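Thank you all for coming. I would like to walk you slowly through one structure, and I ask you to keep the sequence and the model in view while I talk.

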Amino acid sequence: GQKMNKLLEQLKIHEGFRSTVYTCSAGKKTVGYGRNLDDVGLTVEESEMLLRNDVLTATTQVLNAFPWMSSWNDARSSAIINLTFNIGINGVKKFKNALASMKENDFENGALHLLDSKWATQTGNRAIEIAEQIRTGKWA
């Protein structure tokens, strides 16, 4: 109600908003409108909300960068969204050979190019699952 709205407005003014983590005057890692990350952290629900928002952002970035992926099935497009979530859209754009193959619907070579990378070496099973999803068009 009105009491909550007035309190929220007051707290927003008193706390201020910071989109990135900072150290507050008490020496605690803090974010947003004074969320104490050291002592309070995030709930599973809050983390899932952030995850959903980040997936929506990654999805938009993928479809803007690679509009030809919009015709792919869910398993393949989700694999690229997963990759984007992991390394960012600019990282994905560096997979020139993989992208060139996938643009031609050559998913076999696209997957092989993804696996032939420093990312795949560092990422292990996640990379194998993503590549397999692209290769087969089926959820790993």
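**The nonpolar core**

Let me begin with the largest nonpolar core, which has 22 residues, and in which Ile80, Met102, Leu114, Trp119 and Ile134 are the ones that touch the most other members. Please bear in mind throughout that what you see is a predicted model. At least two residues of this core are supplied by each of α2, α3, α4 (89–93), α5 (96–103), α6 (107–115), α7 (118–123) and α8, and among these helices it is α3 that gives the most, with four residues. As general background, nonpolar side chains tend to be buried together in soluble globular proteins.

Which residues does Ile80 touch, once we leave out residues up to four places away in sequence? They are Val62, Met69, Trp72, Val92, Met102 and Ile134, and of these, Met102 and Ile134 are again among the core residues that touch the most other members.

**Three single residues**

I would now like to look at some individual positions, starting with Thr84, which has its place in helix α3. Is Thr84 buried or exposed? Its relative accessibility is 3%, and because buried means under 20%, Thr84 counts as buried. Leaving out residues up to four places away in sequence, Thr84 touches Ala58, Gln61, Val62, Ile89 and Val92, and Val62 and Val92 also appear in the list of residues that Ile80 touches.

Ser101, in helix α5, is likewise buried, with a relative accessible area of 13%. The residues that Ser101 touches, again not counting those up to four places away in sequence, are Asp106, Asn109, Gly110 and His113.

Glu104, which is found in the loop between α5 and α6, has a relative accessibility of 62%, and since exposed means over 50%, Glu104 counts as exposed. If you look for Trp68, you will find that it lies 36 residues from Glu104 along the chain, while the C-alpha atoms of the two are separated by 9.6 Å.

**The sheet**

Let us turn from the helices to the strands, of which three form an open sheet in the order β1-β2-β3, with antiparallel pairing. Why is one side of β1 and of β3 left without a neighbour in the sheet? Both stand at the edges, each with a single partner strand, so one side of each has no neighbour there.

Strand β1, residues 18–23, pairs with strand β2, residues 29–32, over three bridges. Arg18 stands opposite Gly32 in β2, and Thr23 has Lys29 in β2 as its bridge partner. Between these two strands of the hairpin there are five residues, and Gly27 takes a positive phi near 80°.

On the other side of the pairing we have β3, residues 35–36, which runs antiparallel to β2 and is joined to it by two bridges. Here Val31 stands opposite Arg35 in β3, and the hairpin that β2 and β3 form has two residues between the strands, with Gly34 in the turn having a positive phi of about 80°.

**The pockets**

Finally, I come to the pockets, and as a general point, rolling a probe the size of a water molecule over the atoms shows where empty space is left. The largest pocket has a volume of about 220 Å³, and it is lined by Val31, Arg35, Leu37, Leu42, Glu46, Met49 and Leu50. You will recognise Val31 and Arg35 as the residues that stand opposite each other in the sheet. The largest share of this lining, three residues, comes from helix α2, residues 44–65, and by class the lining of the largest pocket has five nonpolar, no polar and two charged residues.

The second largest pocket has a volume of about 170 Å³, and its lining includes Val55, Phe85, Arg126, Glu129 and Trp139. Which elements give two or more residues to the lining of this second largest pocket? They are α3 (74–87) and α8 (125–136), and α3 gives the most, with five residues. By class, the lining of the second largest pocket has six nonpolar, three polar and two charged residues.

If you take one thread away, let it be helix α3, which gives the most to the largest nonpolar core and also the most to the lining of the second largest pocket.

Definitions and conventions: Residues are numbered from 1 along each chain as its sequence is written. This is a predicted model: local features need pLDDT of at least 70, side-chain atom pairs count only at pLDDT 80 or more; totals for chains, interfaces and linings use all residues. Side-chain values use heavy atoms; hydrogens and water are left out. On a 1 Å grid over the protein atoms alone, a cavity is a set of points where a 1.4 Å probe fits but cannot get out, and a pocket is an open set with protein on both sides within 12 Å along at least five of seven lines; lining residues have an atom within 4 Å of a point. Grid points are joined across faces, edges and corners, and a volume is the space filled by probe spheres set on the points. Ala, Val, Leu, Ile, Met, Phe, Trp, Tyr, Cys and Pro count as nonpolar, Asp, Glu, Lys and Arg as charged, and the others, Gly among them, as polar. Buried means under 20% relative accessible area, exposed over 50%, partly exposed in between (1.4 Å probe, protein chains only). Contact means heavy atoms within 4.5 Å. Two strands pair if DSSP finds at least two bridges between them. A nonpolar core is a set of buried Ala, Val, Leu, Ile, Met, Phe, Trp, Tyr and Cys residues joined through side-chain atoms within 4.5 Å.
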